[in-house]
Amino acid sequence: MTLSSFLDSTSLGIFFYFVFVQSFYIFLLIMAVPEIVRRYREVRYENWDRLLFSDSAPQVTIIVPAYNEEKCIVFTVNNLLHLTYRYKEIIIVNDGSKDNTLEVLKKTFHLFPVPPRIPPLLKTQRVRNYYRSQEYPNLVVVDKENGGKVDSNNAGVNVCTSAFFLIIDADTIVLDQTIQSLIRPFFMSKNMIATGGSIGIVNGCELRGNRIVKIHFPRQWITAIQVIEYLRAFFMGRQGWNRMGGCMLISGAFGLFDKKKVVEIGGYQREIGDDVDLVFRLHARMREKKEKYEIRMIPDLCAMTEAPFTWDALGNQRERWQRGLIATLWDNKKMMFNPRYGLNGMLCYPYFAIIEAISPIIESLGYVTVLFSFLFGYLNAYAALWFLLLALGFPMFLTLFVILLQYISFQWYFSFADTCKMVLCAVLEQLGYRQYLVFYRLLAFYKWMKGECSWKKIEREGFKDKKL
């Protein structure tokens, strides 16, 4: 085979791959629209007070793993304590922090030692002590030896006395009425085992006390483009799968789970990609037991998290996300095209494997093919244009549609200036930002093959009464 024919064959294969990918994205978007419309109509008529003061409203335990979080832990705890949902328990798991996280908690919330309440259900690193707040009896702090986020999640589940628990990251600000929004699907269906909500980016927002008083579009371009990614993920991807009953991912920064079902599968098990791994195993377990179940994502903006504001932190975050996805897919490879797992095995798993996991490899190969074709004089301008339109232009179009969708529905950002910035970000995302992340997503394969499980902690500014 000559170099010319090899490059032509490779280009043709990449072309059809991207046709397939973009066609599937259109399909997800079509599925997402009625789901968003349905939820938007529900929100307009929901009586939150009725749910809030109902005697049948269950207690929800909020678990917050914390490692070296002295900058934001007080803000986070105050935010949770002042949520309007009455029946809540808050568990902070200090994972052997090397800073003053525990001391700050002791001083601020007047903690005193208490004995453990129940025998542990899941194995974790040794717990050094348990504390309760004198001012807030529903605030419990678990001080344990360092074992990572997964170990902290399991330690929190061990202490949880509720039927439902909500896992959030320590840098997450929960919006009011959020717990009501997440618990509502459990009232609507007895088969519900997990729910998740949309997450926004707090960078740039105006904070006062323990609340976000006004949502602003981030001023830094690196965080502004991440807003676009979040919108696309929550409004298109997850709502599209929601419509088909194949929600395979609930963000690790914010998810409500049935404790009994999580304990049955052994709790959290994977340090990298703990969120996607847990949901994959829940699906597999329920399918294998042939039990009816539902896992849903709601499009409501439920929480805000601090996004990486440096290029190095952003790359490390996306490499970790990709490595967690690859590892989860490998651990659950029995689901691939397996009719035993229904829609999850026949469509959802293949989507994540063929599109989400290997797309950076195919995209990189496309760039290399175009470059070699140009260098050796074999470049077909027509074919190169089609590759750029499919790989870069079409995602830009989908993003613009998602921006419009959020503008006419939930309006996370609704000012004319914010809308203009989002449109510009949709363009800038394809011109360097995307290629930068492709490199880190490729790096994830290398680290996964090496068996690397560690990851760098993302630098944070912390929550203050200002615009971040």
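Is Tyr-436 buried, partly exposed or exposed? Keep that question in mind as you open this model, which is predicted, and begin the tour at a strand before coming back to the tyrosine.

Select residues 164-168 first, which make up strand β6, and you will find that 5 of its 5 residues are buried. If you turn the strand, you can see Phe-164, Leu-166 and Ile-168 on one side, with Phe-165 and Ile-167 on the other, so that both faces are covered, as a residue counts as buried when its relative accessible area is under 20%.

Next, add the two partners of this strand. Strand β1, residues 60-66, pairs with β6 in the parallel sense over 4 bridges, and Val-60 stands opposite Phe-164. Strand β11, residues 254-258, runs antiparallel to β6 and is joined to it by 5 bridges, with Phe-254 standing opposite Ile-168.

Now move on to the aromatic rings, of which the structure holds 25 pairs. Select Trp-311 and Tyr-436, whose rings form an edge-to-face pair, 5.1 Å centre to centre with 80° between the planes. This pair links distant parts of the chain, since Trp-311 lies in helix α10 (residues 311-331) and Tyr-436 in helix α14 (residues 416-450), 125 residues apart. Here the opening question is answered: Tyr-436 is partly exposed, with a relative accessible area of 24%, and Trp-311 is also partly exposed, at 43%.

For the next stop, select Phe-20, Phe-24, Phe-27, Trp-241, Phe-280, Tyr-349, Tyr-351 and Phe-352 together, as they form one aromatic cluster. Finish at Lys-333, whose charged end sits over the ring of Trp-330, 4.3 Å from the centre of that ring.

Terms used:
Residues numbered from 1 in each chain as written. Predicted model: local features only at pLDDT ≥ 70, side-chain atom pairs only at ≥ 80, totals over all residues. Heavy atoms only, no water. Buried < 20%, exposed > 50% of the residue type's maximum accessible area, 1.4 Å probe, protein only. Helix = DSSP H or I, 4+ residues; strand = E, 2+ residues; numbered from the N terminus. Pairing = 2+ DSSP bridges. Phe/Tyr/Trp six-rings, centres within 6.5 Å; stacked < 30°, edge-to-face > 60°. Lys NZ or Arg CZ within 6 Å of the ring centre and 35° of its normal.
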